[in-house]
Amino acid sequence: MELDAELSALAAQEDLPADLVRRLLQHPGARRSVALLRRDLTDELIAEIIELGSVRTLAANSSVPSRIRARFAEHPEPAVRCAVAASARDEPPGLLARLAADPDSSVRSFLAMNEHLPTELLAVLAADSEASVRSSVIQRWRDAPDGVRRMLLTDADPGIRSGSVRAFAPPAELLPRLLADPATRAAAVAYAVPTPELAADPDSDVREAVAAHPDLPPGLRDLLAGDQDFFVRNAIAARSDIPPTVREQVVATLEPDSPLAERMLAFGRGTHTCPPAAPSPPNLTRQQAESLLAQAGL
């Protein structure tokens, strides 16, 4: 492990003596780890972190006392207020409502992703004037009530409509409207009956959605197996109901044009694997920590 990484790991070590924590503040990377991860920060350490310029990282630490978070919520830099908005509880009372009315839309977007946000404030943000805020609500509030879902599914912004139909099962009476909308047609296919018209749609995303439909008839499946778009053919190859001989024929045609396409195909087939997480480093004794700090000149 490189020295910088070792210092950052040490900065997060539990029960690290305060004098060693203070020495770590002189190293930028370790200071960020201290500011973000430690749950035992004293007022003196907090003041020193702020003085050294890591207030934004400190604001993201959910263990900072509520009186300090209240100060951060009034900070002139939106990035600091965003950090508070992302994870703060309503302590002191009214803090979340104040952030929901923040003049900077990025703060409201971060707030929408806060797992501690009550539904009444989520509903306020679902009707926010900025599309980026409404988009954050869609990602966060998958069990939104029917009225909020309908509002977002019929939003004036095509990106919001598209995101909504991917997040929420639309009411049956809205499905024709969503299928007629170029922004939502591909995502709405999952809730529709596959038809030859959809399988011949000029939009390859729509045809790919048809190819992945669980109720795809064999005739349309075989038709899409010869589609000109290799992502459509990949969706066919990934189906469990495709005859082995047809799958072999389709797979033989999947020659991606770029490394990015190959990765996307791997995800589609379920063959992509992530490397295992690195094991946590062992805790250092005080003597080992002192030696590491000395090595870094701290």
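Let's start with Phe-230, which is buried, with a relative accessible area of 13%. That value falls under the 20% below which a residue counts as buried. The model you are looking at is a predicted one, and a search of the whole structure turns up one aromatic pair. Phe-230 is half of it: together with Phe-231 it forms a tilted pair, with 4.3 Å from centre to centre and 35 degrees between the planes.

From there, let's move to the beginning of the chain. Helix H1 covers residues 3-11, and within it Leu-7, Leu-10 and Ala-11 are buried. Looking down the axis of H1, you will find its buried residues within an arc of 105 degrees, so they line one face of the helix. And what lies over them? The cover for the buried residues of H1 includes helix H2 (18-24), helix H3 (28-37) and helix H22 (286-295).

H1 also leads us to the largest pocket, whose volume is about 160 Å³. Ten residues would be a lot to list, so here are the ones closest to the centre of the pocket, out of the 10 that line it: Ala-9, Leu-10, Pro-281, Pro-282 and Leu-284. By character, the lining of this pocket divides into six nonpolar residues, three polar and one charged. Leu-10 therefore appears twice in our tour, as a buried residue of H1 and as one of those closest to the centre of the largest pocket.Next, a look at the backbone. Most residues other than glycine have a negative phi, and most peptide bonds are trans. Asp-15 has a positive phi, near 65 degrees, although the residue is not a glycine. Asp-15 sits in the loop between H1 and H2, and at 72% relative accessibility Asp-15 counts as exposed. Further along, the peptide bond from Glu-91 to Pro-92 is cis, with omega near 0 degrees. Pro-92 also belongs to a loop, the one between helix H7 (78-87) and helix H8 (95-100).

Our last stop is Ser-162, in helix H13, which runs over residues 158-167. Ser-162 is buried, with a relative accessible area of 16%. Which residues is Ser-162 in contact with, leaving aside its neighbours within four places in sequence? They are Ala-183 and Thr-184. Arg-185 lies 23 residues from Ser-162 in sequence, and the two are 8.4 Å apart in space, C-alpha to C-alpha.

Terms used. Residues numbered from 1 in each chain as written. Predicted model: local features only at pLDDT ≥ 70, side-chain atom pairs only at ≥ 80, totals over all residues. Heavy atoms only, no water. 1 Å grid on protein atoms, 1.4 Å probe; cavity = no way out; pocket = protein on both sides within 12 Å on 5 of 7 lines; lining within 4 Å. Points joined across faces, edges and corners; volume = space filled by probe spheres on them. Nonpolar A, V, L, I, M, F, W, Y, C, P; charged D, E, K, R; others polar. Buried < 20%, exposed > 50% of the residue type's maximum accessible area, 1.4 Å probe, protein only. Helix = DSSP H or I, 4+ residues; strand = E, 2+ residues; numbered from the N terminus. Arc of directions from axis to C-beta. Contact = heavy atoms within 4.5 Å. Phe/Tyr/Trp six-rings, centres within 6.5 Å; stacked < 30°, edge-to-face > 60°.
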